[in-house]
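User: I would like to go through the assignments in this model one at a time, setting each value against the cut-off behind it.

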Amino acid sequence: MAPEEDAGTELLLQSFERRFLAARALRSFPWQSLEAKLRDSSDSELLRDILQKHEAVHTEPLDELYEALAETLMAKESTQGHRSYLLPSGGSVTLSESTAIISHGTTGLVTWDAALYLAEWAIENPAAFTDRTVLELGSGAGLTGLAICKMCRPRAYIFSDCHSRVLEQLRGNVLLNGLSLEADITANLDSPRVTVAQLDWDVTTVHQLSAFQPDVVIAADVLYCPEAIMSLVGVLRRLAACREHQRAPEVYVAFTVRNPDTCQLFTTELGRAGITWEAEPRHDQKLFPYEEHLEMAILNLTM
């Protein structure tokens, strides 16, 4: 097999592996590419390679697999599941997530595509976070922040959200990935100081925000309605005000362009608040499985 064919086959195997570990829908797997490869006689061992990858993950004896399957079929359907996202370092981020898009009255218990997109950008631009204090607004399941903590070496990282169930899941996911919360006296000194904070954009004050002292503020997939946009712009204005005599934090907001009017409203409100912006160039790094046809963007805000 030619080197370029070897590379193409390896990329296809990685694509299947990443989607499998992230529990993506079967329709998102690259079945057409697989079919085309299998038609090529030089790739006759490709299917075996895919199966071996999955067997490497599941090494239990066959009888135990049948027993586990029987228990699963008889058990009540779980509302939580685990997904793993592979990192370039060879490690991974593993998350407990809701199996429903909306659960407990919130959409924050699942990982949204813009969070994956922002995590890729962060890994490609680690200098934006290294040795800095990062505040994430609307952290959700925690994918972006955990990827930054593992790959970009921030000094401190503050996950924040307003929903109690989301905060509970966030704390669990931080611990699941081997990080310690700031109050833990056994925390690894080589890891960033990690905090999970309750933050309601509509009621938080300049005084409360000043305690965070962030160098960088990020948010992903939080522009889902006009009310959320107004609240986000409001909290950004207060973040700028709490560092009146210091340099304002750098701000990066990632979002999926679902409704152009919503995006227009966001940039309009930024202008009214005196916040300028520029779009970050699209990055080529594709580490995580998400819908490739979606249009996503990251805005760099200057407050």
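User: Why is glutamate 269 called buried or exposed?

Analyst: In this predicted model, glutamate 269 has a relative accessibility of 10%, and since buried means under 20%, glutamate 269 counts as buried. Arginine 272, by contrast, has a relative accessible area of 65%, which is over the 50% cut-off, so arginine 272 is exposed.

User: What makes glutamate 269 and arginine 272 a salt bridge?

Analyst: Their closest N and O atoms are 2.8 Å apart, and because the criterion is a distance within 4 Å, the pair qualifies as a salt bridge. Both residues belong to helix H10, where being three residues apart separates them by about one helical turn.

User: How do you know that glutamate 250 and arginine 132 tie together parts that are apart in sequence?

Analyst: The side chains of glutamate 250 and arginine 132 meet in a salt bridge at 3.2 Å, N to O. Glutamate 250 lies in strand E7, whereas arginine 132 is in the loop between helix H5 and E3, so the pair joins parts that are 118 residues apart in sequence. Arginine 247 also forms a salt bridge with glutamate 250, at 3.8 Å, and Arg132, Arg247 and Glu250 are thus linked in a network of salt bridges.

User: Why is cysteine 152 not in a disulfide?

Analyst: The closest cysteine sulfur, in cysteine 149, is 8.9 Å from that of cysteine 152, and because a disulfide requires sulfur atoms within 2.5 Å, this distance is too far for a bond. The count for the structure comes to zero disulfides.

Note on methods. Residues are numbered from 1 along each chain as its sequence is written. This is a predicted model: local features need pLDDT of at least 70, side-chain atom pairs count only at pLDDT 80 or more; totals for chains, interfaces and linings use all residues. Side-chain values use heavy atoms; hydrogens and water are left out. Helices (H or I, at least four residues) and strands (E, at least two) are DSSP runs, numbered from the N terminus. Buried means under 20% relative accessible area, exposed over 50%, partly exposed in between (1.4 Å probe, protein chains only).
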